[in-house]
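Here are some short exercises to work through with the structure in view. Try each task yourself before you read its solution.

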Amino acid sequence: MTPDPGPPGRSSAPSAHRATVPLAKEPDPPERDVSGPDRTAGEREGGHRTHRPWSARRIPAALVASVILVAAVAALVDVIAVRAGRPAAAWRRHLADELATRPVDDVWILTGAAVAAAVGLWLIVLALTPGLRHWLPLRSPADCPRLRASLDRDGAAGLLRDAAMRVPGVGSAHVLVGRHRITAHAGVHFRDPRQVKDDLTAVLGEERDRLALARPARIVVRVRRRAG
């Protein structure tokens, strides 16, 4: 089963946010047994499990590379100057004296160690997590398992809001799309709010299924009676 190419045309006004789907091809994933009870909805319907794309981490990589480059160039220049018969730079002599004379429990030593540990932990987290939390992975079609696609959260929220506004009785709607939950707030101008909530839950469920998300999120609907 291949994912629906997109929701049908809408009679309501277009949303401010449009869905953006980046596409990429990846090597074939290793085969694995999906006959167990823990298969995802996409796997049961013939698709292949997909994961969130990994961020390139350009800014953290550039910052770390810049710091290392500056420190390495400064140390190299000073070492070359010492080899040429000149005295060592004042900053290097001062740093060596401070490291040799300050005790281990000194406040500056502890502060520097804490900062270095925090930076190291931050880099480890960046290396082990994919990032790009604003993108939702879509199911890969069964006939093209190497195809990877992601949907922007704001675009998904716009599509779901357009669907919510078509429900009779809904005068205003606001939809938030998360990784595990879709929260919809609707203002009811007429009809019974309980009936509107049931219809809205069903419509949002159908629209969510049309998005072909790799991990369909749980839908939470909250309605409120609006005067006028």
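**Exercise 1. Classify two neighbours that carry charge.**
Decide whether Arg 208 is buried, partly exposed or exposed, then do the same for Asp 209.

*Solution.*
Step 1. Keep in mind that this is a predicted model.
Step 2. Arg 208 has a relative accessibility of 18%. Buried means under 20%, so Arg 208 counts as buried.
Step 3. Asp 209 has a relative accessibility of 46%. Partly exposed lies between the 20% and 50% limits, so Asp 209 counts as partly exposed.
Step 4. Now look at the pair: Asp 209 and Arg 208 form a salt bridge, and their closest N and O atoms are 3.4 Å apart. Side chains of opposite charge can pair when their charged atoms come close.

**Exercise 2. Trace a network.**
Which residues are linked with Arg 102 in a network of salt bridges?

*Solution.*
Step 1. Start at Glu 98, which forms a salt bridge with Arg 102; the closest N and O atoms are 2.4 Å apart.
Step 2. Go on from Arg 102 to Asp 106: these two also form a salt bridge, with 3.0 Å between the closest N and O atoms.
Step 3. Put the two links together, and you have a network of Glu 98, Arg 102 and Asp 106.
Step 4. Check the surroundings of each member. Glu 98 is partly exposed, with a relative accessible area of 24%, and Arg 102 is partly exposed at 31%. Asp 106, at 17%, counts as buried.
Step 5. For the wider picture, the structure holds seven salt bridges.

**Exercise 3. Stay with one helix.**
Find the helix that holds Glu 207, and name the side chain with which the side chain of Glu 207 makes a polar contact.

*Solution.*
Step 1. Glu 207 belongs to helix H6, which covers residues 193-210.
Step 2. With a relative accessible area of 1%, Glu 207 is buried.
Step 3. The partner is the side chain of Arg 210, at 3.1 Å.

**Exercise 4. Look at backbone angles in two loops.**
What is the sign of phi at Arg 191 and at Ala 212?

*Solution.*
Step 1. Recall the usual case: most residues other than glycine have a negative phi.
Step 2. Arg 191 sits in the loop between strand S5 (181-188) and H6. Its phi is positive, near 75°.
Step 3. Ala 212 sits in the loop between H6 and S6. Its phi is positive as well, near 60°.
Step 4. Compare with accessibility: Arg 191 is partly exposed at 28%, whereas Ala 212 is buried at 2%.
Step 5. Ala 212 also has a partner to look for: Pro 141 is 71 residues away in sequence, yet the two C-alpha atoms are 9.8 Å apart in space.

**Exercise 5. Read two surface patches.**
Which residues make the nonpolar surface patch, and which gather in the patch of positive charge?

*Solution.*
Step 1. Val 115, Val 119, Trp 122 and Leu 123 make a nonpolar patch of about 320 Å².
Step 2. Take Leu 123 as an example: Leu 123 is in helix H4 (residues 107-128) and is partly exposed, at 30%.
Step 3. The patch of positive charge on the surface gathers Arg 181, Lys 197, Arg 218 and Arg 222.
Step 4. Within this patch, Arg 222 lies in strand S6 (residues 218-225) and is partly exposed, at 42%.

Note on methods. Residues are numbered from 1 along each chain as its sequence is written. This is a predicted model: local features need pLDDT of at least 70, side-chain atom pairs count only at pLDDT 80 or more; totals for chains, interfaces and linings use all residues. Side-chain values use heavy atoms; hydrogens and water are left out. Patches are made of residues with over 30% relative accessible area and no salt bridge: like charges are joined within 9 Å, nonpolar side chains (Val, Leu, Ile, Met, Phe, Trp, Tyr) within 5 Å. Accessible areas come from the Shrake-Rupley method with a 1.4 Å probe; for residues, only the protein chains shown count as cover. A salt bridge is a side-chain nitrogen of Lys or Arg within 4 Å of a carboxyl oxygen of Asp or Glu. Lys and Arg count as positive and Asp and Glu as negative; His and the chain ends are not counted. The place of a charge is taken as NZ of Lys, CZ of Arg, CG of Asp or CD of Glu. Helices (H or I, at least four residues) and strands (E, at least two) are DSSP runs, numbered from the N terminus. Buried means under 20% relative accessible area, exposed over 50%, partly exposed in between (1.4 Å probe, protein chains only). A polar contact is a pair of N or O atoms within 3.5 Å; within protein, one must be able to donate a hydrogen and the other to accept it, and residues adjacent in sequence count only if both atoms are side-chain atoms.
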